[in-house]
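Please open the model in your viewer and keep the selection panel at hand. The tour goes from one selection to the next and says what to look for at each stop.

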2 protein chains.
Amino acid sequence: MALPLRRRLPVLPLLLLAAGGLRAAERSSSSSSSSAMEELATEKEAEESHRQDSVSLLTFILLLTLTILTIWLFKHRRVRFLHETGLAMIYGLIVGVILRYGTPSTSGRDKPISCSQEDRLFTTLLVNVSGKFFEYTLKGEISPGKIHNVEQNDMLRKVTFDPEVFFNILLPPIIFHAGYSLKKRHFFRNLGSILAYAFLGTAVSCFIIGNLMYGVVKLMKLVGQLSDKFYYTDCLLFGAIISATDPVTVLAIFNELHADVDLYALLFGESVLNDAVAIVLSSSIVAYQPTGENTHAFDAAAFFKSVGVFLGIFSGSFMMGAVTGVVTALVTKFTKLHCFPLLETALFFLMSWSTFLLAEACGFTGVVAVLFCGITQAHYTYNNLSVESRSRTKQLFEVLHFLAENFIFSYMGLALFTFQKHIFSPVFIIGAFIAIFLGRAAHIYPLSFLLNLGRRHKISWNFQHMMMFAGLRGAMAFALAIRDTATYSHQMMFSTTLLIVFFTVWIVGGGTTPMLSWLNIRVGVDPDQDPPPTNDSFQVLQGDGPDSERRNRTQQESAWLFRLWYSFDHNYLKPILTHSGPPLTTTLPSWCGLIARCLTSPQVYDNQEQLREEDSDFILNDGDLTVTYGDTTITANGSSGPHTATTSLDGRRTKSSSEEALERDLGAADHEVTSRGTRLVFPLEDNA
Amino acid sequence: MALPLRRRLPVLPLLLLAAGGLRAAERSSSSSSSSAMEELATEKEAEESHRQDSVSLLTFILLLTLTILTIWLFKHRRVRFLHETGLAMIYGLIVGVILRYGTPSTSGRDKPISCSQEDRLFTTLLVNVSGKFFEYTLKGEISPGKIHNVEQNDMLRKVTFDPEVFFNILLPPIIFHAGYSLKKRHFFRNLGSILAYAFLGTAVSCFIIGNLMYGVVKLMKLVGQLSDKFYYTDCLLFGAIISATDPVTVLAIFNELHADVDLYALLFGESVLNDAVAIVLSSSIVAYQPTGENTHAFDAAAFFKSVGVFLGIFSGSFMMGAVTGVVTALVTKFTKLHCFPLLETALFFLMSWSTFLLAEACGFTGVVAVLFCGITQAHYTYNNLSVESRSRTKQLFEVLHFLAENFIFSYMGLALFTFQKHIFSPVFIIGAFIAIFLGRAAHIYPLSFLLNLGRRHKISWNFQHMMMFAGLRGAMAFALAIRDTATYSHQMMFSTTLLIVFFTVWIVGGGTTPMLSWLNIRVGVDPDQDPPPTNDSFQVLQGDGPDSERRNRTQQESAWLFRLWYSFDHNYLKPILTHSGPPLTTTLPSWCGLIARCLTSPQVYDNQEQLREEDSDFILNDGDLTVTYGDTTITANGSSGPHTATTSLDGRRTKSSSEEALERDLGAADHEVTSRGTRLVFPLEDNA
């Protein structure tokens, strides 16, 4: 039984505390002037170890540098079959092979000795060596078989980082950047579908993969391929680990080719949110501890506890991220910090980092909190920043994200050869590949069918195939798998995850461009331009038949919920947290006049016109998408009729209610529905 | 006897390896399913410890956030008596007091136990606890008196970082930024003086302070104030530690008030280089290990070995930094990486970081290498970067520098109360204050006198007083002092250094503005504009008298050396490493035609005109400075005659030799000395 993952330690403080252990040893042994020879030997050892440390880090820097140079060459020559992450893995593999087979095994420099002790385990030991006391700290348990080869190869040991590094240092910038660079407009207009794929889809995938793998494990037991325990909860954990998709290579190609923006939003949104879901899911599975003897069978109480843990952690982390985002927005709004971009950027960075720590300190998941903090920062704080800080923060996190991501992928390549506890089981690996294929198919197609019932703009078959195809696994699956490799089952899961990541990144990444053209998905789309509504698309939609009534109701309900949020956000949150939106004096009731005047920034009155433009990014703009693609060719899509929406809007520029803003935002599909007693224009309501 | 500092371990690899020790313990104890109760207890403990870690880091983030907000307020209201670093220290002090006296002493959570062992010291222990093996690593020696209060207060322990963090994580970005943001023009035209202050000055200061402190220590022994050993080498080490000046607050005010640029260059250049000198000096003093019985007396062999070590480490680190800078310049020149600013920035960052690691791996000083890497990057690589990367790299390192610097200063405030081994000795502290005052006086005034013999533009008395006054101590002195606090003498040195930093940053920082006006140092200077030569300045100079002959020779010699370097740099290095400078085809002999064509970038032929402008930054432009200030008032300096140089240059725009460039660069004091058979124009040669 693995430990609850959510109770992990943040690595940084530990880093800072635990660092230089050897150095401290060196220092202390030097301060005793008794035996000069021993001192010299210790210093020599420390020096040697210090050089190896530097060399091991240099190895990674060299890897990254090589990757950068090669990827420049690839981009320069427009080679698209290999993404930088795939390349980083290849270089990692090569260096891994060299380290594994090319370096001598320098064993026994510090042969550990045994020392019997009472029954209780302590985290600190004081050892009396000829009158002097030395402090030792617990590092971990060693399985009895490995006592004699703990320090088998110094170099391999040096390049093997602690798993927590991935979780606490490398993932946060990646995830924050994902949230911060979210293309909000396309994300929000597909929000419902994205949430469905991320939550329902990941849960379905996790359970299907878990159960299939349990079958595989049973089979392996039957044929005698399994040499140690492998519980049902382990299978479910594997399902959670491997359900975190990371279509980084596919999205990079989408970006480069300007492929369809809504498909991009669906894939990107799903992968960002299902990372969060997978983390919390795996924590909940680990927290699933049935009482009684049979600790790995099904127990309803424990199951509901796990569900509770899932909901608690997820909503807690969400809140934490949102709250720090809101606080940052308020601070940047009410101080004139934007006169000093350096201070502003530093504050932004610190507040975003504190989200992570705050969540960890409260027992939530820092990575998830950081994701929602990023989204909140992009939605509110970004508007308050000075122009310089906007580009600074973007660029800062872009660089951090780039370095962290490529580091993880090159480490993965390296880990295939330098990780010393691999267990490759062909049956398990083949089973896992089949399971992830089935698991993805079992959520993409049924969910798309259900979503299409409610979506006006259907997720077409070729989109579904592309989503099915783009189910790559990447950094998050790796980080989740490497977190705990103490037991036999977890080691097998880790090795299998590594292979799945390799396979999907190389094969799927390389096959994206052919797949795009094979599936007739249009490329060369301007991401800021919606496909304008064409006349035949209306005909297709309006000829839908008898079940349009029910569907319409579904649409209206979701629209109602969304409308509520939107008008709350637009009327209250945006004016309070940013310099944009309508003045609070017009949206709040008159008895809050004083507060409203205090909270509304004077800029609002001045630059309402200008802000209106920016604002239009944040809202559903569900143009006629689905019907346009699929059957027609790319050129046909590009050359369609003119935008009918814009002209009708120009006449109403003076009013500043949320309705009008919504209207304008949603104007691309401009059906005004005055007959229902509301002037709100909803593109979802197509058969008025 | 302290250990050789240069053999320290780089903290990062260790960080990554050592991190999560507790986490590993937690994991391993969980994997044993025997005693569920014990497991639960360990998990609870780990969770608690994890929260405390997060809270301690949050404390620092809160401190930095508070500092940022307050400093914004100060800048907003133009308060100048307190710099952000001084403020960070005050907040640190306050939090330190709260932590010290406000938190309960949570002792004995993990009472360490004793366990006797054979005579040899191991870095790894294997402990057998009821059949299972656990690995422990050595943390350090504990003095016998402190065995029972090792974990006296968890919170205080948590906020106490490992000293190596300061050296290996926080200093490199600060130092790199200093090198990278160097205002090259003003730096290079005062290079001789800066080098003299930094090398000679720091050495003089170190030895004077060391000897004075040895006197103080003798005195303390006489009056019975000293309770433990305090060797002569310790005194010298203190001299080296405290000789690293850091006039960050003064320079911030200079920047804000646009005070005199040459004084700025002198102060900034001195402080940047003397940091490097102080590090290497302290390493050499530690490496000074006389043979025989009396290990702390003077030994000529050991002394020369130390001098050799100093020269070796310094030149090695210098080379290392310069080489990686040059490699980066070549890479950025010969690949078209500038089409992808993200890749370029990432490469730049990685190469700069690898300098640090490379130097550490080779046994040199990473921080010093990083400084020269920064200077080389600014001199060559910066010209090859895309416009976006230029601002990106600047901003990235600016943010890192800002955060690291304020972290160090707020930590200093905290350390006054949370560091548990302070030894405050009034005699030593008063002695130290007198010693640093005398040490600084003993190098500023005599060196300035000597330099003035060789300088055409004298360092006037008020400049000398200002330099004397601006000898603040900061981050580097703190980092050097905290490196080794194992012995009594080092603890006393650390406490004293802390107080000196506090005093100088607050008092001197706050007194800068009054001092500037009291010393009549002009403010409001445009840093890119030289004070134009006035007629009376020439009169003052030419009326110098009989010793002008000798002085002139000195000037010519230094000019000759500089001229050699400049023409080499301009004719060969710049064209090879950057896209600027004259084409190599014109500067190299004709038989290297092919190589010259390969190495010269095609841009050179196109934009020679434009680059000429940029180029003029990098060269001595020793206008008439000294004579202008001091006696005359600020307004009188601002309104002097027109630039006579520019017109005479326009006629010679077609030639592209180094001579012409130098001529143009130095044109501000335009005496053409055709009678000496060279067309080079040297402002240093004033009495032709």
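## Salt bridges first

Across all chains of this predicted model, a search of the whole structure finds six salt bridges. Side chains of opposite charge can pair when their charged atoms come close.

Begin by selecting A:Glu388 and A:Arg392, which form a salt bridge whose closest N and O atoms are 3.1 Å apart. Both residues belong to helix α15 of chain A (residues 387-418), and because they are four residues apart in that helix, about one helical turn separates them. The two partners differ in their surroundings: A:Glu388 is partly exposed at 35% relative accessibility, whereas A:Arg392 is buried, with a relative accessible area of 6%. Now add B:Glu398 to the selection, since A:Glu388, A:Arg392 and B:Glu398 are linked in a network of salt bridges.

Next, select A:Glu398 together with B:Arg392, whose side chains meet in a salt bridge with an N to O distance of 3.1 Å. Here A:Glu398 lies in helix α15 of chain A and B:Arg392 in helix α15 of chain B (residues 387-418), so this pair joins two chains. On the chain A side, A:Glu398 counts as partly exposed at 24% relative accessibility, while B:Arg392 on the chain B side is buried at 6%.

Stay with chain B and select B:Glu270 and B:Arg440, where a further salt bridge is found, at 3.2 Å from N to O. This pair links distant parts of the chain, as B:Glu270 sits in helix α11 (residues 261-287) and B:Arg440 in helix α16 (residues 426-454), 170 residues apart. What is the accessibility of B:Glu270? Its relative accessible area is 1%, so B:Glu270 counts as buried, the cut-off being under 20%. Its partner B:Arg440 is also buried, with a relative accessible area of 3%.

## Into the nonpolar core

Turn now to the nonpolar side chains, and select A:Phe166 and B:Phe166. These are the residues with the most contacts inside the largest nonpolar core, which has 302 residues. If you expand the selection around B:Phe166 and leave aside its neighbours within four places in sequence, you will find it in contact with residues including B:Phe161, B:Leu171, B:Phe407, B:Ile408 and B:Tyr411. Also among the contacts of B:Phe166 are B:Phe478, B:Ala479 and B:Ile482.

From B:Leu171, move on to B:Arg189, which is 18 residues away in sequence and 27 Å away in space, C-alpha to C-alpha. B:Arg189 is in helix α7 of chain B (residues 184-189), and at 3% relative accessible area it is buried.

## A kinked helix in chain B

Select residues 488-518 of chain B, which make up helix α19; at 1.5 Å a residue its 31 residues should span 45 Å, and its end C-alpha atoms are 42 Å apart, which agrees. Follow this helix to B:Thr512, where a kink of about 50 degrees lies shortly before the proline B:Pro514. Of the 31 residues of α19(B), 22 are buried, so the helix is largely enclosed by the rest of the structure. Just after α19(B), stop at B:Asn520, which takes a positive phi of about 60 degrees.

## Last stop in chain A

Finally, select A:Ser193, which is placed in helix α8 of chain A (residues 191-222). A:Ser193 is buried at 4% relative accessibility. Apart from its neighbours within four places in sequence, A:Ser193 is in contact with A:Leu266, A:Leu451, A:Arg455 and A:Ile459.

Definitions and conventions. Residues numbered from 1 in each chain as written. Chains lettered and ligands numbered in written order. Predicted model: local features only at pLDDT ≥ 70, side-chain atom pairs only at ≥ 80, totals over all residues. Heavy atoms only, no water. Buried < 20%, exposed > 50% of the residue type's maximum accessible area, 1.4 Å probe, protein only. Contact = heavy atoms within 4.5 Å. Expected span 1.5 Å × (residues − 1). Bend = angle between axes of the 7 residues up to and from the residue. Core = buried A, V, L, I, M, F, W, Y, C linked by side-chain atoms within 4.5 Å. Salt bridge = Lys/Arg side-chain N within 4 Å of Asp/Glu carboxyl O.
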